[in-house]
Amino acid sequence: MTLAIVAGIANLVFVGVGTLVGVRLLVLASRTRELPETMLGFSLLLVSTLGVGMLALAAMVGTPEDPSRPLAAIGTGALAWGWILTAEFTRRVFRPHSPVACVASALSVAALAIASASYILSVLGGIGAVGITERWEWVVIRLCALGFYGWCGIESFRYWRMLEKRLALGLADPIVTNRLFLWTAVMACSVLNLAVSWAATVAGASPVLEAGVNLLTLVAGTTCALGLYLAFLPPAAFVRRFQRAA
Amino acid sequence: MAANDAFETACTLLEREAGFDRLSARGTIRIALRESGLEAAAVTPQQMQVVAQRVLPKELAARGIREPGPIVAKIATQVAAMSSAAGADTPESVFARLGGDGGRPA
């Protein structure tokens, strides 16, 4: 029970930090008029504020059969669009000229958009005899989300390794190199969080499993929040540490 | 000037100065770039100069060049003289901007 409360608080912290960072990136985008900060800002607001926030609220106010349904639908739609923006951010930033990335991203974005629309309609209209987790839409949404975060994590990890090598030659900025590392950690923890919650839902409820899920949610949620904060809202002391190293 | 002009210039100079064939010269420069965390398609003249001075001597020595000094000095001098065009966004410049560093890679 205590672990569940702490994991819930970690989720709340993630929602708070995600919202702050999302707003900050959109303020930056209003100045620069560049797409990456616009996409990432909206993506964070959709995933953390609306998505996680609404689903948490839906879970608090009732069961899938009652008035929490619209909240769950809004949450799912927000998550899907947030994940779509994450995929497009990854493609534009890391693979802007790759036709393969362009086609793969477009196909998976289309699959996610169709699946999430169908899922939302099902949630609003009543799931019926088939359980939520047995629906094809639910599987497609989860697979796309895992794929998008996994792809983003792999790309940022690869680029972070490259910057580490450049750093040794004085060809990279230490704080930007660290930012790529933090973003990799955020993506890795997002994959972990999604995979664990999926596995737990499929496996069914048990006290031991629930404790493990809460523990992993706590670790992943806290790491995500800390990573986002240090990467995109770095405190002055943290920045100075890297300036001294440069 | 396209970013990979620096790569092409370095390859041509290496081919001429070290007596390498085209394939070997390009392969050697590519390996030196990979060791430095850079890509041939996006390397700038300034980055190529540092790679020529700091990484290429070791690669040339490994390929039987006894005195790589004059060769790498020539490559470094020539690529340093090239002008670097303001290129498109790189992941590095995007992440610099996202953290409020103004998008200036080191």
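Colleague: What percentage of the 106 residues in chain B do buried residues make up?

Modeller: Happy to start there. Keep in mind that this is a predicted model. In chain B, 43% of the 106 residues are buried. The accessible surface of that chain comes to about 5200 Å², and carbon and sulfur atoms account for 50% of it.

Colleague: Which elements does chain B have, from the N terminus on?

Modeller: The order is α-α-α-α-α-α. That is six helices and zero strands. Contacts tell you how the chain comes together: counting those between residues at least 6 apart in sequence, 54% join residues at least 24 apart.

Colleague: Let me pick one helix. Which residues of α3(B) are buried?

Modeller: P45(B), Q47(B), M48(B), V50(B), V51(B) and A52(B) are the buried ones. It helps to ask next what lies over them. Their cover includes α1 (5-18), α2, α4 (56-62) and α5 (69-80) of chain B, together with α5 of chain A.

Colleague: So chain A takes part too. How many residues of chain B are in contact with chain A?

Modeller: On the chain B side there are 23, and they touch 30 residues of chain A. The two chains bury about 2300 Å² between them, with 63% of that on carbon and sulfur atoms. In chain B, the residues that lose the most area to chain A are E92(B), F95(B) and L98(B), together 31% of what that side buries.

Colleague: How many salt bridges and polar contacts cross this interface?

Modeller: The rule finds three salt bridges between chain B and chain A. It also finds 10 residue pairs in polar contact across the interface. On the chain B side, α2, α3 and α6 (91-98) each supply at least two of the residues that touch chain A. The largest share, seven residues, comes from α6(B). By class, that side has nine nonpolar, six polar and eight charged residues.

Colleague: Now the salt bridges themselves. Why can side chains of opposite charge pair?

Modeller: The general idea is that such side chains can pair when their charged atoms come close. Over all chains, this structure holds 12 salt bridges. One of the pairs is E37(A) with R97(B), at 2.7 Å from N to O.

Colleague: Where do I look for a pair within one helix, such as R92(A) and E88(A)?

Modeller: Try helix α3 (residues 69-94) of chain A, where R92(A) and E88(A) sit four residues apart, about one turn of the helix. Their closest N and O atoms are 3.2 Å apart, forming a salt bridge. R92(A) is partly exposed, at 38% relative accessibility.

Helix α5 (residues 136-168) of chain A offers another case: E155(A) and R158(A) are three residues apart there, again about one turn. Their side chains meet in a salt bridge at 3.6 Å, N to O.

Colleague: Is E155(A) buried or exposed?

Modeller: E155(A) is buried, because its relative accessible area is 5%, under the 20% cut-off. Its partner R158(A) is partly exposed at 28%.

Colleague: Which residue of chain B does R158(A) meet in a salt bridge?

Modeller: That residue is E39(B), with 3.2 Å from N to O. E39(B) lies in the loop between α2 (22-35) and α3 (45-54) of chain B, whereas R158(A) is in helix α5 of chain A, so this pair joins two chains. E39(B) is partly exposed, with a relative accessible area of 37%. Follow the shared partners and you get one network of R95(A), E155(A), R158(A) and E39(B).

Definitions and conventions:
Residues numbered from 1 in each chain as written. Chains lettered and ligands numbered in written order. Predicted model: local features only at pLDDT ≥ 70, side-chain atom pairs only at ≥ 80, totals over all residues. Heavy atoms only, no water. Buried < 20%, exposed > 50% of the residue type's maximum accessible area, 1.4 Å probe, protein only. Contact = heavy atoms within 4.5 Å. Areas by Shrake-Rupley, 256 points an atom, 1.4 Å probe, with all protein chains shown as cover. Salt bridge = Lys/Arg side-chain N within 4 Å of Asp/Glu carboxyl O. Buried area = accessible area lost by both parts, 1.4 Å probe. Polar contact = N/O pair within 3.5 Å; in protein donor to acceptor, adjacent residues only side chain to side chain. Nonpolar A, V, L, I, M, F, W, Y, C, P; charged D, E, K, R; others polar.
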